[in-house]
Amino acid sequence: MSQGMEGRICSWSNAKQLFRSNRFILVLLLITSSTYAAFYLQYYSRSSPKDDNEAFLGHERMPKQDDDRVNADKKEEDDRVNKAVSEEKKPVIPNDLVGELGRNSTASGLIVGPFDSTEDRILEKRPKGGCDENGDFARVVRGRKFVVVLHELSMTGAPISMMELATELLLCEANVSVVVLDRGGGLMLELERRKIKVVEDKGIVSFKTAVEADLVIPGSAVCASWIEQYRACFPGSQSENIAWWIMENLRQYYEMSRYILNRVKMLIFLIEPQSKQWLAWCAEDNINLDSQEILVAPLSVNDELASVAGFSASSDTSSSSGPEVTLDKRKELRKAVREEMGLKDSDAVVMCLGSINGVKGQLLFLESAAQMVDEKELSREANITEVVSESEGVLQEQTLKILIGSLWSRSTDWGYLEAMLRIIYQHPNLSKLVLWTPTATRVAALYTAADVYVTNSQVMGFFLWTEQENVGETFGRVTIEAMAFGLPVQFQLYSVSPFLILVHVLGTDAGGTKDIVEHNKTGLLHPLGHEGNQVLAQNLQFLLENPIARQEMGARGREKVEKMYLKRHMLEKLAGGISRCMTTI
């Protein structure tokens with residue numbers, strides 16, 4: 001073969017080898033060229049007139065298909081953006097909600113108070129009450145020896161009521177000792193301030209102190225175990241010197257105390273329905289109470305609160321400073337406290353005080369408030385048009401504010417409080433409406449600052465998912481306190497009828513509540529549980545929009561307090577019972 005031929009064959013062989021080695025690259029070039037050609041054809045088919053051939057080839061349909069794809073892509077992108085915006089607006093709920101509240105984070109509402117220094121500054125000489133030296137109670141207890149038993153020292157109804165009874169006995173020159181069964185809580189300092197003697201222990205020393213007393217007054221069904229040990233320590237008739245003031249109306253409290261109900265001299269109840277219920281339970285269990293005195297003695301508004309509310313103290317019949325002066329001071333106190341809270345004249349404060357737990361129902365109250373906010377689409381808080389500026393008398397738009405206490409109480413259910421905080425985080429507008437206040441023994445400033453009061457107490461079993469009679473709140477002392485200040489009260493309704501109560505107070509119809517509040521006269525009622533939320537919201541709306549109805553109901557509530565729930569009314573009943581009890585010992 002010639003040299004030239006070999007060169008050509010070699011060149012061809014090299015070309016084939018080069019082609020094979022770059023075949024993959026060539027394939028990519030072909031695909032790229034084809035794609036570009038298709039795009040070129042598609043582009044010009046859009047910009048040029050469409051004829052039958054283009055339609056036949058499908059060029060007319062291609063732009064529509066592409067538009068659909070573009071639209072789909074755009075929608076998908078919009079959805080991603082909207083989701084991102086939504087996630088950005090969605091509140092971030094901290095892991096430690098209670099800690100956030102403790103740091104006074106505005107995202108969960110604002111903590112305000114206490115207002116003790118403001119009360120002292122404005123009221124100057126705080127009304128302290130005193131003994132009506134010529135009254136029956138003073139005559140019966142003077143010079144006698146009493147032991148008052150507190151089941152705990154929390155700043156709640158029963159312990160505070162028993163502390164005030166011990167104070168009254170001391171003021172009326174009785175010899176008083178207090179036995180404390182559980183020293184947890186904040187009342188020990190208050191007992192010391194009032195110079196009330198506290199027995200060293202709850203065992204043998206307390207039993208010896210009790211057996212030497214003219215009368216022992218335990219202030220809760222929870223005292224059952226102490227009474228049983230006391231009677232076992234001194235089994236004779238001398239240790240029957242017990243007038244047992246039972247504050248509860250739940251079956252579980254009856255169960256813990258039923259075996260010793262007939263081993264005391266007297267049983268004291270707060271209201272007639274409670275007395276009837278306990279006697280019915282005893283009849284079911286064949287417990288004979290024929291030898292026991294039965295007394296019904298409701299709690300009262302103490303002298304200090306009554307005086308600030310504008311009532312003459314029960315022991316101060318000769319005072320020249322009437323309600324007119326007190327009214328001026330109350331207005332001054334209201335203005336100062338509301339300023340400290342950061343409120344305006346147009347803000348309507350709806351208050352709910354009590355230990356924060358499921359029995360008191362503050363979570364359902366918040367749900368009702370959230371419903372009000374959502375229904376009104378309140379981007380600028382509660383859009384309720386009512387009020388008149390207190391300072392200028394000018395019609396203004398009223399803003400709902402919610403004041404909840406008692407924060408940090410010993411009876412606080414921390415899981416329940418966290419659930420309340422979650423509601424606030426889930427409804428960010430609520431954080432602008434909610435105010436929290438710590439537990440306190442002095443609450444006059446809070447009542448003067450409020451406009452409406454809500455009692456939303458629930459049946460215990462409703463939260464424990466157990467069978468439980470619909471007994472509700474046994475008495476609800478905060479109810480009569482709110483009524484004393486002319487607040488309309490919203491109450492929970494436990495009966496079948498779906499109503500609510502209004503007194504400048506809103507609440508529930510069960511136990512003592514329905515005895516205290518008259519529907520459509522001194523308050524409004526709403527149903528129990530979640531079904532009551534809508535009605536509660538509607539009634540709050542009604543009260544906030546109708547200041548005249550608020551004032552009328554509030555005035556009737558004050559009249560009822562003046563007739564039935566001042567300290568002199570309670571002491572009159574206790575005097576008769578104590579006298580009979582000590583006479584028969």
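## Helix 14, two cores and a helix crossing

L305 sits in helix 14, residues 303-309. The model is predicted. L305 has a relative accessible area of 6%. Buried means under 20%, so L305 counts as buried.

Its partners come from elsewhere in the chain. Leaving aside neighbours within four places in sequence, L305 is in contact with V443, A444, Y447, E481 and F485. A444 is 139 residues from L305 along the chain, yet their C-alpha atoms are separated by 5.9 Å.

Y447 also appears in the largest nonpolar core, among the residues with the most contacts inside it. The others named there are F137, W245, M341 and L574. Domain 1 (96-121 + 326-379 + 397-565) and domain 2 (136-300 + 570-583) each supply at least three residues to this core. A second core is separate from it.

| Nonpolar core | Size | Residues, among them |
|---|---|---|
| Largest | 85 residues | F137, W245, M341, Y447, L574 |
| Second | 39 residues | I111, W436, L524, A537 |

In soluble globular proteins, nonpolar side chains tend to be buried together.

What does W245 touch beyond its neighbours within four places in sequence? The contacts are M162, L165, P218, G219, S220, I268, F269, L270, A297, L299, M570 and L574.

Next, a helix pair. The axes of helix 10 (residues 204-211) and helix 11 (residues 224-233) come within 10 Å and cross at roughly 75°. The two helices are therefore roughly perpendicular. Helix 10 contributes I204, S206, F207, A210 and V211 to the contact, and helix 11 contributes W226, Q229, Y230 and C233. By class, this contact has 7 nonpolar, 2 polar and no charged residues.

Notes:
Residues numbered from 1 in each chain as written. Predicted model: local features only at pLDDT ≥ 70, side-chain atom pairs only at ≥ 80, totals over all residues. Heavy atoms only, no water. Axes fitted to C-alpha atoms, helices over the stretch in contact; angles between N-to-C directions. Helix = DSSP H or I, 4+ residues; strand = E, 2+ residues; numbered from the N terminus. Parallel < 35°, antiparallel > 145°, perpendicular 65-115°, else oblique. Contact = heavy atoms within 4.5 Å. Nonpolar A, V, L, I, M, F, W, Y, C, P; charged D, E, K, R; others polar. Core = buried A, V, L, I, M, F, W, Y, C linked by side-chain atoms within 4.5 Å. Buried < 20%, exposed > 50% of the residue type's maximum accessible area, 1.4 Å probe, protein only. Domains from an automatic or database assignment.
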